[in-house]
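Subject: Structure handover

Hello,

Here is the structure for you to look through. Please open it next to this message and follow along.

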Amino acid sequence: MSPDLELYDYLYEQCMKLTPQTYDYLPSEKEKGFEYPFIHVGNITENGAMTKTSHSASFSIVIDVWGKKNQRRKVSELADKVYWLGSQVFTTANHRFYAQIDNQQKQILIDNSVPNTVYVRGMVTLKFYLEEEITWQHH
């Protein structure tokens, strides 16, 4: 499985442990079981490099926490837990990832892009690194 997909799945699973209100899309308020605050595990970007003996890559992923205007404390607390996911070293089925806490970013924003509605958005950008040796197979 590709490293970006394994990283995404791992982070999605970790966010599900924080709240079952975790989505890989922006849900409708009309969805059954929907509640604020919720986590949206968003886009992932990969920047890679290859040498003769290794594959290294960095990955950036944006994870948003959305809440109503009166849920700033809850949004901030949940966004902080997501932020600290960017301080871990972990291994997925096929890859090992690490992060540096000084490369992570968390913002708490007021979003009023929907007319007559105010939301609090915790926007967390996490950066992870991958480095693996390549075993060349000769035929």
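Below are notes on two residues in strands, followed by notes on the aromatic rings. Please keep in mind that this is a predicted model.

Asp64

Start with Asp64, which sits in strand 3, the run of residues 54–68. Is Asp64 buried or exposed? Its relative accessibility is 6%, and buried means under 20%, so Asp64 counts as buried. Which residue does the side chain of Asp64 meet in a polar contact? The partner is the side chain of Arg121, and the contact is 3.1 Å. Apart from neighbours within four places in sequence, the residues in contact with Asp64 are Phe38, Ile39, His40, Arg121, Gly122 and Met123.

Thr125

The next residue, Thr125, belongs to strand 7, which covers residues 119–133. With a relative accessibility of 23%, Thr125 counts as partly exposed, because that class lies between the 20% limit for buried and the 50% limit for exposed. In sequence, Thr125 and Val62 are 63 residues apart, yet in space their C-alpha atoms are 4.5 Å apart. Val62 also appears among the contacts of Thr125, once neighbours within four places in sequence are set aside. The others there are Ile61, Asn103, Gln104 and Gln105.

Aromatic rings

How many aromatic pairs are there? The count is 14. One of them joins Tyr10 and Phe90: the ring centres are 3.8 Å apart and the planes meet at 10°, which is under 30 degrees, so this pair is stacked. Tyr10 lies in helix 1 (residues 3–18) and Phe90 in strand 4 (residues 90–91), so the pair links distant parts of the chain, 80 residues apart. Tyr10 counts as buried because its relative accessibility is 16%. Phe90 counts as buried as well, at 6%.

A second pair to look at is Tyr36 with Phe38. Here the centres are 5.7 Å apart and the planes are at 45°, so the pair is tilted. That angle falls between the 30-degree limit for stacked and the 60-degree limit for edge-to-face. Tyr36 and Phe38 are both buried. Phe38 has come up before, in the list of residues in contact with Asp64.

Which residues do ring pairs link into a cluster along with Tyr36 and Phe38? They are Tyr23, Tyr25, Phe34, Trp66 and Tyr119.

Regards

Terms used. Residues numbered from 1 in each chain as written. Predicted model: local features only at pLDDT ≥ 70, side-chain atom pairs only at ≥ 80, totals over all residues. Heavy atoms only, no water. Helix = DSSP H or I, 4+ residues; strand = E, 2+ residues; numbered from the N terminus. Buried < 20%, exposed > 50% of the residue type's maximum accessible area, 1.4 Å probe, protein only. Polar contact = N/O pair within 3.5 Å; in protein donor to acceptor, adjacent residues only side chain to side chain. Contact = heavy atoms within 4.5 Å. Phe/Tyr/Trp six-rings, centres within 6.5 Å; stacked < 30°, edge-to-face > 60°.
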